[in-house]
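Here's a walk through this structure, from the domains down to single residues. Keep the viewer open as you read.

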Amino acid sequence: MSASTLTAPSTEGASSDQLIARIDKVSKVFGRGDSAHTALEDVTLDIPRGEIFAVIGYSGAGKSTLVRLLNGLERATSGTVTVDGTDITALSGKPLREVRRRIGMVFQQFNLMRSRTVVGNVSYPLELAGLDRAEREDRVAQLLSFVGLLDKAWSYPEELSGGQKQRVGIARALATQPDLLLADESTSALDPETTRDVLGLLRRVNEELGISIVVITHELEVVRSIADRVAVLDAGRVVETGTVRDVLGAPQTPTTQRFLAAATGTSTNETLRQHLPQDLQGTLVSVVVGDERRLGRTLSAAAREHGVDFEILRGGVTELKAETLGSFTLALTGAPEAVEATIGSLRGIGTAEVIS
Ligand SMILES: Nc1ncnc2c1ncn2[C@@H]1O[C@H](COP(=O)(O)OP(=O)(O)OP(=O)(O)O)[C@@H](O)[C@H]1O
């Protein structure tokens, strides 16, 4: 198995070479007439090669429909879906099967064959691809070593834990050396510790094998810990997209704020407004910083230099893939120019938004 590490490219002005997939103005309508239901509406996403791209949304947002369009199981009502430079919207039969062979799938419920051992499950796609026995054995051994399951080679799925089953699912998805891995709620059936294990493995797949991954999830934890970029899906529309840092650092929509509030145990701006102490004075500011110690230093300096008082009302630190993100709500009191100057200093170390 060849190992290579790719760096995250920018998508600005990206050519199809830099994109593993592109979803362009895609709508998907199920049914007709009165029973017509729009599952996806005017969705456009550029998915960079070599990255982990997350799509997050609540139940019914259209996540599964998006996966089925990306792997060619479903056809868009309008718009185009391009995978690895090929527009798959118009393909069917053999050409579509060939594109699909370059896409690996990891499922929430693992989808393993109960009558086959671990080796038998991982070997199955290689049998379909026509590899001879020696080649299959060699490749299956490499895959099981990669996912850390050599000692379970001859076990049956029912003898494995959920996390081990998902490792088999990942090894099977990698068997045909895909360029793109689609992980559909791949940790939703697992406990938090096993989730971290499986996410760690997906990260290795991306970093060590250079395989682009799209993870579909309703858990912000998944986005935070492994994704480079994220798209937030709400009622069939992309409401926010960008790097995880930008989207989580300054969530623009109530949907993203709800995900973040639930994951960090903090409040959305809306609920914060409702629960403010009646006697609270000052200007409310929502601040997001990469280094929370700089926040303390900046506020102390503002108190000294401008005579501004501050109170930290809510807040917490979230760990992302490669950095931390501190998100706090402050009340600043003092002369208007002093408060303004303090907000200016806060903007020098992160983002600062006046709530009220
Ligand atoms: N084959 C279908 N026929 C009719 N409506 C469908 C079909 N597939 C999905 N839908 C509808 O499209 C919308 C989006 O469904 P989808 O399964 O893509 O959402 P989801 O975000 O994956 O939700 P969940 O996490 O609950 O699976 C839902 O309202 C669903 O009822």
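## Two domains and where they touch

In this predicted model, the centres of domain 1 and domain 2, taken over C-alpha atoms, sit 38 Å apart. Domain 1 covers 19-256 and domain 2 covers 265-354. Where they meet, domain 1 puts in 11 residues and domain 2 puts in 10 residues.

Which elements of domain 1 give two or more residues to the side that touches domain 2? Those are α7 (220-226) and α8 (244-249). The largest share, four residues, is from α8. Sorted by class, this side of domain 1 has six nonpolar, two polar and three charged residues.

## The chain overall

Zooming out, the protein chain carries 12 helices and 14 strands. Put a box around its C-alpha atoms along the principal axes and you get roughly 80 × 55 × 35 Å.

The chain has 356 residues, and 40% of them count as buried. If you look at contacts with a separation of 6 or more, 68% of them link residues 24 or more positions apart.

## Around the ligand

Now for the ligand. There are 13 residues around it, and those that come nearest are Phe30, Ala39, Ser59, Ser64 and Thr65. Two elements, β2 (37-48) and α1 (63-70), each give two or more residues to this shell. The largest share is three residues, and α1 supplies it.

What is the make-up of the shell by class? It comes out as nine polar, three nonpolar and one charged residues.

## β1 and its two partners

Strand β1 (residues 19-30) pairs with β2 in the antiparallel sense, over eight bridges. One pair to pick out is alanine 21, which stands opposite isoleucine 47 in β2. The hairpin of β1 and β2 has six residues between the strands, and in that hairpin glycine 31 takes a positive phi near 75°.

β1 also pairs with strand β4 (residues 78-83), again in the antiparallel sense, this time over five bridges. Here arginine 22 has threonine 82 of β4 as its bridge partner. As a reminder, strands of a sheet pair through backbone hydrogen bonds, either parallel or antiparallel.

## Valine 215, a buried spot

Valine 215 belongs to strand β8 (residues 212-217). Is it buried or exposed? Valine 215 is buried, because 25 other C-beta atoms lie within 10 Å and the cut-off for buried is 20 or more.

Who does valine 215 touch, apart from its neighbours within four places in sequence? Its contacts are Ile52, Ala54, Ala183, Ser186, Val222 and Ala227. There's also a link back to α1 (63-70) to look at: the C-alpha atoms of valine 215 and leucine 66 are separated by 11 Å, although these residues are 149 residues apart along the chain.

## The four-strand sheet

Next, an open sheet of four strands, ordered β12-β13-β11-β14, with antiparallel pairing. β12 (309-319) and β14 (350-354) are the edge strands, each pairing on one side only. From one strand to the next, the twist averages 15°.

Strand β11 (residues 283-289) runs antiparallel to β14, and five bridges join the two. Along that pairing, valine 288 stands opposite threonine 351 in β14. β11 also runs antiparallel to β13, joined by seven bridges, and there valine 289 faces glycine 326 of β13 across the pairing.

Why is β11 described as largely enclosed by the rest of the structure? Because five of its seven residues are buried. If you're following the side chains along it, remember that in a regular strand they alternate between the two faces of the sheet.

One helix to add to this picture is α12 (residues 336-349), which lies across β11, β13 (324-333) and β14. Relative to β14, α12 runs at about 145°.

Note on methods: Residues numbered from 1 in each chain as written. Predicted model: local features only at pLDDT ≥ 70, side-chain atom pairs only at ≥ 80, totals over all residues. Near = placed C-beta within 6 Å. Nonpolar A, V, L, I, M, F, W, Y, C, P; charged D, E, K, R; others polar. Buried ≥ 20, exposed ≤ 12 C-beta atoms within 10 Å, placed from the backbone. Contact = placed C-beta atoms within 7 Å. Domains from an automatic or database assignment. Pairing = 2+ DSSP bridges. Axes fitted to C-alpha atoms, helices over the stretch in contact; angles between N-to-C directions.
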